[in-house]
Amino acid sequence: MNKRSGTAKRVVSLLTVGALLGAGMLAGTTAASGQEPTPPDASYTSTDAGDGTYTVPLLNSDVPDVSVTMVPAAENDEHRDTYYMISTTMHLSPGAPIMKSYDLVNWETVNYVYDRLSIGDALSLRNGKESYGQGQWASSIRYHDGRFYVLFNTNNVNGAYLFTTDDIDHGAWQKTALGRGFHDPSLFFDTDGTAYIFYGSGSTSAVKLSADLKTVVAEYPSIFSAADYAGRPYIGGLFEGAQVYKIGEYYYVFIITWPSGGNRQEVVFRSKYLLGKHQAPGGANTYEARSALDSNGFAQGGLVEITHEGAASDWYGFFFRDTYPVGRIPALIPATWTDGWPTFGNNGVVPYGGTFEKPIRLTPDQENLERQKSIVASDDFDNDAPHRAYMDEEWDIPASPGIDPTLLGTNLLQNPGFEDATVAPWGTQYGATVTRDTSGPATGTAALLVSNRTLNGSAPNQFLQNTLQKGVTYTLSAKVKHPHTSAITFNLCLDFGAPVNLQCASGGSVPPNTWTTITRTYTVPDNAVLSNVKFALETPWGSPQPVTSSVSYLVDDASVVGQVPTTEVPNADEIAFNGSTLDTAWQWNHNPDNRYWSLTDRDGWLRLTAGKVVTGGYTYAKLSTKDELTWFEEARNTLSQRTFGPKQSVETRLDVSAMKDGDVAGLAAYARSFAYAAVKKVGGEYTLGIVYRGQPFTAAIDQAGVEAFVPGSTVALGANRDVYLKADLDFASNSGQLWIRYYYSLDGATWSQLGQRTGPLTMDWSLSHFMGYRVGLFTYATQSAGGSVDVDYYSLSDVLTADGASLSTAELDAAIARASGLDEADYPAAAWTAFTSAYSKAVAAKAKGFSTQNQIDAPARALSRQLAELALVKAAPAIDATATTAWRCVAGKSVLTVTVANGDDVPVKVDITTAFGAKSIAAVAPGKSVSQAFTTRQKSVEAGAASVTASATVSGETVSSTLDAPYPASTCQ
């Protein structure tokens, strides 16, 4: 132990005394050093009440499709049962979040399974493609035989994937594409180690995997289905989300159902045969069924086991509940077993907001740390988050297609206006006759007459050998005239032969006796054969053969023109790690483009750059109506976190000086409906305002109109380029609705409300944005790329300005007081470094002063978290004592002298043990030493060591240190 006096190295040495005095925090430091820290009331996302209870739902945030696995204490380095959870995050990147807990109540994101699931267009918001409502769904996580496995399905990225790692907290995951889709897949390892995937909607099927888990080797369709339980009041729609367990002699399958006129609920099925009728004698369904939970919509999930040494396990259900607009919120619900059947809550009844005892109690220091964990986080963008393996994914970047520019922008057809003396190289198909006609061409001196038609395909054509190019978009066009009594539709066709074959599409409708231009576009696919492509102009096929198949017509000015490609292709720098590490609470809207965001371009700031101009040409692939996306939804590098309820406040600061004309940048609360406060630069002028997009939605939209500022919400910024924004989200005042108040400041001290209370924002259930509302930082360009916005911080609070509460620094003051009395010598270096960073930021924030609760809560919670971390790694106190030895000879015999010096500032009891005897000294005064001689009665003694224990009572606690005092061999003459 270092001297307990003014010479001890305290945390106050981190800062100048002047700074501390200026903040009014130096006085009373010593007296406060024994004070216990005052942690925050609770995590932002956990309902842990701090008294050994929690309420359901469990997390006040969007964690859908939950799956949980446990690593027993005997199989991990922490020597306590550890739980991991995964959920659905669809199109977001990184994806498949791994959340960790020791008590099943408090959770924190520690890793992601992947950074990018694909580098293709859909997950990268490229070339008009998007993945809203798609991507990764319904993950299953399992720990088996020392490894971790994650299985999930994708709706638009080639089906299901299985990932595995041996280091779930820090390691990289190995990916296997299974090559097909499985609806809500659940991975299950049987007692012999065989792996199965259970899946399905309406019925439950399974496949068996190979020993290496890379291929399907057997199929077991429809093991049981909803139809097998007709008439049961708890069986109905959905019938999906299967999760499978083996407990005792039974296999249990948990499935969500939604009976007509009833609630979403959880039904459990059990059988002694895993594969049911596929294994049982006679092939009959062997799965019995019972309703296990029918209350307040809690459903879809599975079991989690809590082990007890020498006693039976407890079981809990982990389910979720649709609680939009926050999202699908998990619930941890105790199970009661009767005759081998589980029910959850009170005989299947769980009140919303119901209270339960925590299933696992930790030490007070551990509880203090766990209660501060969240799946959301404030961030000062200091680029100090741990580097994770998923950040280093390697991808093979496809080569850009080789395009011959001389074949673009020019008509590839020969004799397109039929001005030559012959019709060549035009030919015919299906018996039509083609001749030059000079009676009335559209332009020039001649047109092409197509006659003697008997089929829709009776038409002119021209071969285009090796002039079309893969990946290029072509505009096909011609002028057409016909004498029929009514309008005729004409098709423009390209015939490639197998495997692409004939590609025909309407060029438009042509009225009688009028030259009309028809046109269409077509992009040549990568698998097209280009050696003998044929262009043709015909009428649509039908059955029976329409009368228009025999109508003659004239053609003039035909063309096939390749467009100069504007297609984006993956870029190595877009994907490569850019030196910036974000907290695991953050996810990007689709794959980020790493060229256009940074934590290193400006120290302590996040820079977002508009990498391209929005087009307004994106539509939802998930929706059959192909509704258009807004510009905001098209913006690629939007950085977001989950929201949390019932109330949430977010504050940030933007430097908008590098924006370009047409740029928009700000802070958004969003799903498909959204409200954001943003700065727009138009004609060199900067204006702050609110954009609100509510329901109902239409398939076609005017993007500029949708994202126009709400009247009365605008503020001209003039010469100001620093803008502070605060979004207060209220989920509680109106059930099922989110209402927002935005505030702004131009100096960080004086705040004004921006516009009016904005809303409502509600779930539209269209499967476009099928997740809870998120809060995002964004920028996009409408005129030219390259403009940027810098973001200083993202600070959270659960206190809203409209609540009218006075600012409270109690938690921050208590944390600073506790921190100022700590001693560096008591802690490991890495933990001390993290703590001192949080401490210095808290003191600096205190010295600067506060104008919002966010400015207080962010540093207070960061410092409280570090104090809790330190409490768990604090070194055991030690006595500052030294021991030395010396030999002397007395009457030809060796005598060992052991000297103990007390360098501490309290009296020390000394116990000396040697091979020649032992001695206790009751008290050695501070700064003094004591020597004790031990006669060996031997002439020669081999080398050895004396053992010295120094002990003292400090603040009522017994502290001791044991020292080895070695001595060399001794020989007396």
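**Exercise 1.** Is Trp-541 buried, partly exposed or exposed? Locate the residue and its surface partners.

*Solution.* The model is predicted. Start with the class limits: buried means under 20% relative accessible area, and exposed means over 50%. Trp-541 has a relative accessible area of 46%, so this residue counts as partly exposed. Next, place the residue in the chain. Trp-541 lies in the loop that links β32 (533-538) to β33 (553-562). Now add the partners. Trp-541 joins Tyr-430, Leu-455 and Leu-502 in a nonpolar surface patch. Together these four residues have about 400 Å² of accessible area.

**Exercise 2.** Why is helix α8 described as largely enclosed by the rest of the structure?

*Solution.* Take the helix range: α8 covers residues 810-819. Then list the buried residues. They are Leu-812, Ala-814, Ala-815, Ile-816, Ala-817, Arg-818 and Ala-819. Finally, compare with the helix length. Seven of the ten residues are buried, so the rest of the structure largely encloses α8.

**Exercise 3.** What is the strand order in the open sheet that contains β50 and β54? Find the edges, then examine the pairing of β50 with β54.

*Solution.* Write the order: β51-β50-β54-β55, four strands with antiparallel pairing. Read off the edges. β51 (917-924) and β55 (957-967) each have a single partner strand, so one side of each lacks a neighbour in the sheet. From one strand to the next, the twist averages 15°. Now turn to the β50 and β54 pair. Strand β50 spans residues 908-914, and β54 spans residues 944-954. The two run antiparallel and are joined by five bridges. For a residue-level check, take Asp-911: its bridge partner in β54 is Thr-949.

Definitions and conventions
Residues numbered from 1 in each chain as written. Predicted model: local features only at pLDDT ≥ 70, side-chain atom pairs only at ≥ 80, totals over all residues. Heavy atoms only, no water. Patch = residues over 30% accessible without salt bridge, like charges linked within 9 Å, V, L, I, M, F, W, Y side chains within 5 Å. Areas by Shrake-Rupley, 256 points an atom, 1.4 Å probe, with all protein chains shown as cover. Salt bridge = Lys/Arg side-chain N within 4 Å of Asp/Glu carboxyl O. Buried < 20%, exposed > 50% of the residue type's maximum accessible area, 1.4 Å probe, protein only. Pairing = 2+ DSSP bridges. Axes fitted to C-alpha atoms, helices over the stretch in contact; angles between N-to-C directions.
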